[in-house]
Amino acid sequence: MAKRLGTSAGDIEQAAQALRAGRLVAFPTETVYGLGAVATNDRAVAAIFAAKGRPRFNPLIVHVTDAGAARAVARWNETAERLAARFWPGALTLVLPRAGGAPLALLVSAGGDTVGLRAPAHPVAQALLTATGLPVAAPSANPAGQVSPTTADHVAASLGDRIDIIVDGGPCPIGVESTVLDVTCTPPRLLRPGGVTRAALEVVIGPLAGPAPPGAADQGRSPGQLASHYAPARPLRLDAATVAADEALLAFGPQPLEGAAETLNLSPRGDLEAAAANLFAMLRALDRPEFRAIAVMPVPGHGLGEAIRDRLIRAAAPRAQASHHRVDALLDS
Ligand code: TXA
Ligand code: MG
């Protein structure tokens, strides 16, 4: 079982030493928990793919302290400069060309010529990156295809026996993953809606391209964004207007539907930030065999709602019938 650490200076130093020794360390960011390995170490990065059951064609986000550290491993451009100045540290991942001779494992790019870079704002992530002194590759700390973790307990429950250390920094305040933006093209292309909203990005750099709707054919530039993802074991029914007595209800807003076997409300006040922070923990809590399905009330698509709806649509996407998690694992992260 993974060793659990807190966030004292001594604990952070111990976690940093484990990273530098090539081991796997799960740590909190403001979006979700990441499963970290030093991004310059091929074997450590390969161990991430093995622990998650992640297919090798799906690249990893490399975490850095700041834009200066990003410039050392990527071919930086003016769009990246403006976005980093406004949104870093934060919930934004920028896809850029790898710098020639960048000391990063090829596997973080899944063999491609780009790298996804993020400077997280969470103080524990920042302290760990600073103490490690190297870029850290980290996907969400969940088995491929399953729901992302927003607490240390979530990580322990699904990956605890496959990783060395879990740094417990409490629940993640944003609760959905970072926005992934490809800035190698003009206009930049939204590959994954996330914690920084489309509207906030467009204020700084104008209209974005993408993403293709979930399940659309064009997934070429966005290898992790295949249709079924973030998937609980129970089927999900979206935009529910009624609920059955054998269903669980994921409600939103002041008037939850009545009659469900059990109800959790993403935000009784109809607040999208609160809903994002609750989303993955509530999906897990309702994913129990006694319910036939999880019915989800409509969530508006503006602001953080775009990321919430994206995750819900993928969680509801059709999967292969038997042992769908194993099949999902072949498809994505
Ligand atoms: O909030 C987050 O982004 C969390 C925390 C831990 O940073 N990480 C995360 O990683 O969600 P992951 O691996 O679960 O999702 C990363 C997404 C995937 O869809 C992957 O395909 C995409 O980012 N990605 C990473 N590098 C890329 C690249 N070079 N080109 C295109 N897409 C990339
Ligand atoms: Mg993930």
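**Two domains and a ligand site**

In this predicted model, the C-alpha centres of domain 1 and domain 2 sit 26 Å apart. Domain 1 runs over residues 3-225, and domain 2 takes in 236-316. Where the two meet, 22 residues on the domain 1 side are in contact with 14 residues on the domain 2 side. An interface is often sized by the accessible area that is lost when its parts come together. By that yardstick, about 1600 Å² is buried between domain 1 and domain 2, with carbon and sulfur atoms giving 57% of this area.

Next up is ligand 1. On its own, this ligand has 27 residues around it, and the ones that come nearest are T31, N58, H63, R118 and S178. Some polar contacts are worth listing one by one. R54 places a polar side-chain atom 2.9 Å from an oxygen atom of ligand 1. For H63, the distance from a polar side-chain atom to a ligand 1 oxygen is 2.7 Å, and for S178 the matching value is 2.5 Å. As for cover, ligand 1 by itself has 680 Å² of accessible area, and the protein covers 97% of that.

Which elements give two or more residues to the shell around ligand 1? They are strand 4 (61-63), strand 6 (114-118) and strand 10 (189-192). Strand 6 gives the most, putting 4 residues into the shell. H63, with its 2.7 Å approach to a ligand oxygen, falls within the 61-63 span of strand 4. Likewise R118, listed with the nearest residues, belongs to the 114-118 stretch of strand 6. Sorted by residue class, the shell holds 11 nonpolar, 11 polar and 5 charged residues.

Now for a few backbone oddities. Most peptide bonds are trans, and most residues other than glycine have a negative phi. Against that background, the bond joining W88 and P89 is cis, with omega at about -5°. P89 is found in the loop that links helix 4 (78-87) to strand 5 (92-97). Another cis peptide bond goes from T186 to P187, and here omega is near -5°. The loop holding P187 lies between strand 9 (179-182) and strand 10, and strand 10 is one of the elements that give two or more residues to the ligand 1 shell. Then there is A110, which is not a glycine and yet has a positive phi of about 50°. A110 sits in the loop between strand 5 and strand 6, the latter being the element that gives the most residues to the shell around ligand 1.

Terms used:
Residues numbered from 1 in each chain as written. Chains lettered and ligands numbered in written order. Predicted model: local features only at pLDDT ≥ 70, side-chain atom pairs only at ≥ 80, totals over all residues. Heavy atoms only, no water. Near = heavy atom within 4 Å. Polar contact = N/O pair within 3.5 Å; in protein donor to acceptor, adjacent residues only side chain to side chain. Areas by Shrake-Rupley, 256 points an atom, 1.4 Å probe, with all protein chains shown as cover. Nonpolar A, V, L, I, M, F, W, Y, C, P; charged D, E, K, R; others polar. Domains from an automatic or database assignment. Contact = heavy atoms within 4.5 Å. Buried area = accessible area lost by both parts, 1.4 Å probe.
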